[in-house]
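Student: I would like to practise reading a protein model from its surface inwards. Could you walk me through one?

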Amino acid sequence: MLPRRKRIGKKLFEKILTNKGFFVDSSLFSLRVFSIQNEKDSRFACVVSKKNAQSAVERNRLRRLCYRVLSEIDTKTKIQLLGIVSLKKASLLSTHEEFSSQMKESLKKASQFLDGKQTNR
């Protein structure tokens, strides 16, 4: 599980949803990422809707899987990220390895894009 300081709180979550950022779509999840400054760590939130997982048990299992994968991935990049991971129905049937590999690829794409965007300024 991600430590609380690496998760996005409710107030910050609502503020992030209104802003535009870099969007990565995968078969298992959608990732919306923003670059932030003056932060020590990257922060993430995992979201599962009732439409995708009916029972609270399934939603919590998916959320825990997402946070576990994010805590395993080294998110120390040149730039710090704020990310919202919206899990899809297909992630119910995915394995830990499959989810982890797709998350690594998506975060790599996002950090490369945002890093290039900051150096162009």
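**From surface to strands**

Tutor: Gladly. The protein chain exposes about 7600 Å², with carbon and sulfur atoms supplying 50% of that area. Keep in mind that this is a predicted model.

Student: What percentage of the residues count as buried?

Tutor: A residue is called buried when its relative accessible area is under 20%. Here 41% of the 121 residues of the protein chain meet that description.

Student: And how many positive and negative side chains are there?

Tutor: The protein chain carries 27 positive and 11 negative side chains, and the centres of these two sets are 7 Å apart.

Student: Which pattern do the helices and strands follow along the sequence?

Tutor: There are 3 helices and 4 strands, arranged in the order α-β-β-β-α-β-α. The radius of gyration is 14 Å, close to the 14 Å from the globule rule for 121 residues, so the protein chain is as compact as a globular protein of that length. Contacts tell of the fold too: among those with a separation of 6 or more, 81% link residues 24 or more positions apart.

Student: Where do the side chains of strand β1 point?

Tutor: In a strand, look for alternation. Within β1, residues 22-25, Phe22 and Val24 point to one face and are buried, whereas Phe23 and Asp25 point to the other face and are not buried.

Student: Which way do β1 and β2 run, parallel or antiparallel?

Tutor: Antiparallel, with 4 bridges joining β1 to β2, residues 29-36. Phe23 has Arg32 of β2 as its bridge partner, and the two strands, β1 and β2, make a hairpin with 3 residues between them.

How values were computed: Residues numbered from 1 in each chain as written. Predicted model: local features only at pLDDT ≥ 70, side-chain atom pairs only at ≥ 80, totals over all residues. Heavy atoms only, no water. Rg over C-alpha atoms; globule rule 2.2 N^0.38 Å. Buried < 20%, exposed > 50% of the residue type's maximum accessible area, 1.4 Å probe, protein only. Contact = heavy atoms within 4.5 Å. Areas by Shrake-Rupley, 256 points an atom, 1.4 Å probe, with all protein chains shown as cover. Lys, Arg positive; Asp, Glu negative; His and termini not counted. Charge placed at Lys NZ, Arg CZ, Asp CG, Glu CD. Pairing = 2+ DSSP bridges.
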